[in-house]
Amino acid sequence: MTRQIGQKLIELIRWWENYAGQHHCSINNNPSHGNKEGGLTNIYEKSLGAVAKGGQSPLAAVYKYAEPILARGLCFMDTPGYDPVSMTGLVAGGCNIAVFTTGRGSVYGCKPAPCIKVASNSPLYNWMEEDMDINAGTILDGTETVEAVGNRIFEKVIAVASGEKTKSELAGMGDEEFAPWQSGPVF
């Protein structure tokens, strides 16, 4: 990570600390019911999971909410954690295919961009198979490697970019989920 990217990340953390204070919230709070049920004690733990999803690629750029994404490679966009608001920022920044991971069963389906949903565990995938495009739980099950699942996700992105419909699109989900960020706490 370059010094410039590191500085931008620190500036964003300071911005969030100030923003949370203006709304009488704490940045280390955990407002989401689903996060609490999943065993997370604070938003920092959730953020560590997000960092892990980035893999080992170097961070190429950091963007504010809905800023145009211009760099190639692994980019970070600062968004609230609420699925529809977060994904709306990415779409507004130029994302044209989303790969959305869920461990608790978010039924988010984004329009105008297709959203490939990846279940992080097999029980979730089996429970919501009609809405999940990829079962990454096979890694935890020991039946596939991270590389194999990564290849399946890559192939799905290529297929969707070539016109294949995601399960959300086939079900007509996502029409109501373009949700710009409104000022105030987002839960």
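User: I'm new to this one. What pattern does the protein follow, read along the sequence?

Analyst: Start by walking the chain and noting each helix and strand in turn. This is a predicted model, and here the walk gives α-α-α-β-β-α-β-β-α-β-α-α-α. In total that makes eight helices and five strands.

User: And how compact is the protein for its length?

Analyst: You compare the radius of gyration with what the globule rule gives. For 187 residues the rule gives 16 Å and the protein comes out at 17 Å, which is close, so it is as compact as a globular protein of that length. If you'd rather picture a box, the C-alpha atoms fill one of roughly 45 × 35 × 35 Å along the principal axes.

User: How much of the protein counts as buried?

Analyst: Of its 187 residues, 34% count as buried. Looking from the outside, the protein exposes about 11300 Å², with carbon and sulfur atoms supplying 56% of that area.

User: Which residues make up the largest nonpolar core?

Analyst: The general idea first: in soluble globular proteins, nonpolar side chains tend to be buried together. In this structure, the largest such core has nine residues: M87, V91, C95, A98, F100, Y108, C110, A113 and C115. Both α4 (83–92) and β3 (98–102) supply at least two residues each to this core. Apart from it lies another core, of seven residues, including I116, V118, I134 and A136.

User: Let me zoom in on C95. Where is it found, and what does it touch?

Analyst: For a single residue, find its place along the chain, then look for partners that aren't just sequence neighbours. C95 sits in the loop between α4 and β3. Skipping anything up to four places away in sequence, C95 touches I69, L90 and A113. Try a distance too: C95 and N126 are 31 residues apart in sequence, and their C-alpha atoms are 28 Å apart in space.

User: Now T166: is it buried or exposed?

Analyst: Check the relative accessible area, where buried means under 20%. T166 has a value of 1%, so it is buried. T166 lies in a loop, the one between α7 (146–161) and α8 (167–171). Leaving out neighbours within four places in sequence, T166 is in contact with P114, C115, I116, D133 and V160. Two names there should ring a bell: C115 is part of the nine-residue core, and I116 belongs to the seven-residue one.

User: Last one: how many positive and negative side chains are there?

Analyst: Count each set, then compare where their centres fall. The protein has 15 positive and 20 negative side chains, and the two centres lie 6 Å apart.

Methods. Residues are numbered from 1 along each chain as its sequence is written. This is a predicted model: local features need pLDDT of at least 70, side-chain atom pairs count only at pLDDT 80 or more; totals for chains, interfaces and linings use all residues. Side-chain values use heavy atoms; hydrogens and water are left out. Helices (H or I, at least four residues) and strands (E, at least two) are DSSP runs, numbered from the N terminus. The radius of gyration is taken over C-alpha atoms; the globule rule is 2.2 Å times the number of residues to the power 0.38. Buried means under 20% relative accessible area, exposed over 50%, partly exposed in between (1.4 Å probe, protein chains only). Accessible areas come from the Shrake-Rupley method with a 1.4 Å probe; for residues, only the protein chains shown count as cover. Lys and Arg count as positive and Asp and Glu as negative; His and the chain ends are not counted. The place of a charge is taken as NZ of Lys, CZ of Arg, CG of Asp or CD of Glu. A nonpolar core is a set of buried Ala, Val, Leu, Ile, Met, Phe, Trp, Tyr and Cys residues joined through side-chain atoms within 4.5 Å. Contact means heavy atoms within 4.5 Å.
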